[in-house]
Amino acid sequence: MSRVYNFSAGPAMLPESVLKTAQAQMLDWDGSGVSEMEISHRSPQFEALQKQTQDLLRELMQIPDNYHILFMTGGARAQFDALPMNLLNEGETANYLVSGYWSHDACQMAQKYNSVHVVNPSAAVNMNTLSTPANWDINPKGSYFFYTPNETLTGLALTDTPKVTMPLVADMTSYILSQHYNVSDFGVIFASAQKNMGQAGVTVVIIRDDLIQEPRAFTPNVLSYQLMAEKNSLYNTSPTYAIYIMNLVLKDLKAKGGVTWAEQENRKKAALLYDFIDSSDFYSNNIDKNFRSIMNVSFMLSNGKLQNNFLQQSAEHGLLNLKGHSAVGGMRASLYNAMPLAGVEALIKFMQNYAEQNQ
Ligand SMILES: *Cc1c(COP(=O)(O)O)cnc(C)c1O
């Protein structure tokens, strides 16, 4: 079986060169005579790998020196709890911009600890546009402002970084490394790795030093930013192989030209697909053009009855995992950094033929 184009929203496609390197090093990592996954997280070799991975991410994202880079577990969802546990003291509130499924979920989780404030009252899971910042009702006393730059299910993305007077927190899981961000605009950025940075198992937390504080008393140690920062993310056994894969992905990205390269490619890929969908009567995308994601492109077929047939035939053409999330329906093509332009071109060609045959 040859490699196919995998449009999965996550875990997602990885660069082939990364998989090949991992394969070649499986039995003997760096002359150690063992696999990377058999090495102690407290060994000098692993500590060097972790340091190199942090340095690469710092370089690629231009993360200033006054930010810690933590490697945590439990995925982005664990951060939905970790965040209020660490940054929301008793009696305080925080602002949440709800733009879809993930930010809605993050907001629900925070509600368990303190009453938090939803900034946009029209908040729902399946949204295709967002109100402008002038219409947001921000509580000036909020301990932080949370948002999700890219809602992975619908493909609703906020291009402009919100300007707020409190620490800005972003769940960047499906947008990290897809385009440039000015990290100093943020207090905390978190992202699990399996969309654009590697395999499932590790979550990156980029946090400004002054926000690292004593968490609420009931916080599990593994979710304490303070403890994780103090122990350089080596409090419990870290997800060593996931960090190794991330290391390979970051090296690969750097060799290709870093985030500048990725952003150019991503804009090209997304524009190609959106232009095709917009020019077609057979397919449609209902996301406001000002908020269209460059990572997750959702689309509907004009004849909903063809959905299963479309999925079956696309899979037969080596175009996998185009089914949208059950919460929103329809189709979704995820075009993360590892998806080559040729994959998008193959998808468009298939969609064109399919429309002609089923018009
Ligand atoms: C995938 C995703 C999540 C969930 O990540 P887990 O690692 O499964 O917890 C959260 N937020 C966003 C924006 C996502 O795309």
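How far does a polar side-chain atom of T152 lie from an oxygen atom of the ligand? In this predicted model, the separation between that polar side-chain atom of T152 and the ligand oxygen is 2.4 Å. The points below take up the surroundings of the ligand and then the nonpolar cores of the protein.

**Polar contacts and burial of the ligand**
- K195 places a polar side-chain atom 2.6 Å from an oxygen atom of the ligand, while A76 approaches through its backbone, with an N or O atom lying 3.0 Å from a ligand oxygen.
- The protein buries 87% of the 390 Å² that the ligand exposes when it is taken alone.

**The shell around the ligand**
- The ligand is surrounded by 14 residues, of which R77, T152, D171, S192 and K195 come nearest.
- By character, the residues of this shell divide into eight polar, three charged and three nonpolar.
- Helix α3, which spans residues 75–87, gives the most to the shell, contributing four residues.

**Nonpolar cores**
- The largest nonpolar core holds 91 residues, and the members that touch the most others within it are L57, L177, L273, Y283, F310 and M351.
- Helix α6, covering residues 240–256, supplies the largest share of this core, with ten residues.
- When residues up to four places away in sequence are not counted, M351 touches L273, F276, I277, Y283, F299 and F310.
- Apart from the largest core lies another core, made up of 34 residues, which include L87, F146, L223 and Y225.

Terms used. Residues are numbered from 1 along each chain as its sequence is written. This is a predicted model: local features need pLDDT of at least 70, side-chain atom pairs count only at pLDDT 80 or more; totals for chains, interfaces and linings use all residues. Side-chain values use heavy atoms; hydrogens and water are left out. A residue is near a molecule or strand if one of its heavy atoms lies within 4 Å of it. A polar contact is a pair of N or O atoms within 3.5 Å; within protein, one must be able to donate a hydrogen and the other to accept it, and residues adjacent in sequence count only if both atoms are side-chain atoms. Accessible areas come from the Shrake-Rupley method with a 1.4 Å probe; for residues, only the protein chains shown count as cover. Helices (H or I, at least four residues) and strands (E, at least two) are DSSP runs, numbered from the N terminus. Ala, Val, Leu, Ile, Met, Phe, Trp, Tyr, Cys and Pro count as nonpolar, Asp, Glu, Lys and Arg as charged, and the others, Gly among them, as polar. A nonpolar core is a set of buried Ala, Val, Leu, Ile, Met, Phe, Trp, Tyr and Cys residues joined through side-chain atoms within 4.5 Å. Buried means under 20% relative accessible area, exposed over 50%, partly exposed in between (1.4 Å probe, protein chains only). Contact means heavy atoms within 4.5 Å.
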